[in-house]
Amino acid sequence: MSYNVGVATAPATRTEQVYDLLRSDLLNGFLHPGQKLKMVELTERFGVSQSVIREALTRLTEQGLLIATPQRGFRVRDLSIEDIAELTETRIQVESLALRLAVQRGDLQWETGILAAHHRLDRTPVTRDDGTVSEDWSIQHRDFHQALLTGCSNRRLESVANSLRDSAELYRRWYWVLTDDHQRDLAREHRQLKDLALARDADRAIAVLTEHIDRAPSMLITYAVSTAWTT
């Protein structure tokens, strides 16, 4: 990974670029759980002021990717088994409820949205040439899961589900980088979710969704326990 990264001259643009690059490092496993981020090293790497670095780190902290500690600076979020388990349990409960309501209430527009989102997801490669998760795929993956739940016609419920899914993004990326589960047939899982939702089979759709949500955190917890890399 290169540490000589040129960024634009406008302060807002510099902050945005530093934020994007650090977020990519976090999500692709270049920065490890619990790793401290040193301000001097980052200013040298990006060739910007500490205020630009601090603003980018603060944004990442607001998203739950970093932890800020008074007098000690910023560090990568820990790989916490308790947090993974609680987040996963909550996601399953919330998304299951939203999906059941979507199956009951969804109209033709909802069905069309699922088909379109699934088509885009299915046509987007999961990984890039270097083996890291494609940002394009992550966007299409998010959009597909949002399309599944949109039919619930409850914006507050959708908002909670989307927020929880965003909170799980770092764990999903760590799962991809740290565990050996790359033979997983994600395309089949998404196809099943699409087909069962459109068939209005709420019980089976929720069963598939539950397994789909739970697989990555379960694998990550197994990894954390086996390596003692956890809090």
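**Close-up views of salt bridges, surface charge and loop residues**

**Figure 1. Salt bridge between Arg23 and Glu135.** Arg23 and Glu135 form a salt bridge in which the closest N and O atoms lie 3.9 Å apart. This pair joins distant parts of the chain, with Arg23 in helix H1 (residues 11-27) and Glu135 in helix H6 (residues 135-150), 112 residues apart. The structure shown here is a predicted model. Arg23 has a relative accessibility of 26% and therefore counts as partly exposed. Glu135, at 25% relative accessibility, likewise counts as partly exposed.

**Figure 2. Salt bridge between Arg172 and Glu169, and the network to which these residues belong.** The side chains of Arg172 and Glu169 meet in a salt bridge, with an N to O distance of 2.5 Å. Both residues belong to helix H8 (residues 169-178); they are three residues apart, so about one helical turn separates Arg172 from Glu169. Arg172 and Glu169 are both buried. A network of salt bridges links Arg23, Glu135, Glu169, Arg172 and Arg173. The pair of Figure 1, Arg23 and Glu135, thus forms part of this network.

**Figure 3. Salt bridge between Arg91 and Glu95 within helix H4.** The closest N and O atoms of Arg91 and Glu95 are 2.9 Å apart, and the two residues form a salt bridge. Both lie in helix H4 (residues 81-105), where they are four residues apart, or about one turn of the helix. Arg91 is buried, as is Glu95. For the model, the count of salt bridges comes to 17.

**Figure 4. Patch of negative charge on the surface.** Glu82, Asp83, Glu86 and Glu89 gather in this patch. One of these residues, Glu86, is found in helix H4, the helix that also holds Arg91 and Glu95. The relative accessible area of Glu86 is 43%, and Glu86 is therefore classed as partly exposed, the buried class being reserved for values under 20% and the exposed class for values over 50%.

**Figure 5. Asp201 and its surroundings in the loop between helices H9 and H10.** Asp201 is placed in the loop between helix H9 (186-198) and helix H10 (202-227). With a relative accessibility of 23%, Asp201 counts as partly exposed. Apart from its neighbours within four places in sequence, Asp201 is in contact with Val103 and Leu196. Asp201 and Val103 are 98 residues apart in sequence, while their C-alpha atoms are 7.4 Å apart in space.

**Figure 6. Arg200, a residue with positive phi in the loop between H9 and H10.** Arg200 is not a glycine, yet its phi is positive, at about 60°. Most residues other than glycine have a negative phi. Arg200 is found in the loop between H9 and H10, the loop in which Asp201 is also placed. The relative accessible area of Arg200 is 31%, so Arg200 is partly exposed.

**Figure 7. Ser153, a residue with positive phi in the loop between H6 and H7.** The phi of Ser153 is near 55°, a positive value in a residue other than glycine. Ser153 is placed in the loop between H6 and helix H7 (155-167). Its relative accessible area is 57%, and Ser153 is therefore exposed. Helix H6, on one side of this loop, is the helix that contains Glu135 of Figure 1.

Note on methods. Residues are numbered from 1 along each chain as its sequence is written. This is a predicted model: local features need pLDDT of at least 70, side-chain atom pairs count only at pLDDT 80 or more; totals for chains, interfaces and linings use all residues. Side-chain values use heavy atoms; hydrogens and water are left out. A salt bridge is a side-chain nitrogen of Lys or Arg within 4 Å of a carboxyl oxygen of Asp or Glu. Helices (H or I, at least four residues) and strands (E, at least two) are DSSP runs, numbered from the N terminus. Buried means under 20% relative accessible area, exposed over 50%, partly exposed in between (1.4 Å probe, protein chains only). Patches are made of residues with over 30% relative accessible area and no salt bridge: like charges are joined within 9 Å, nonpolar side chains (Val, Leu, Ile, Met, Phe, Trp, Tyr) within 5 Å. Accessible areas come from the Shrake-Rupley method with a 1.4 Å probe; for residues, only the protein chains shown count as cover. Lys and Arg count as positive and Asp and Glu as negative; His and the chain ends are not counted. The place of a charge is taken as NZ of Lys, CZ of Arg, CG of Asp or CD of Glu. Contact means heavy atoms within 4.5 Å.
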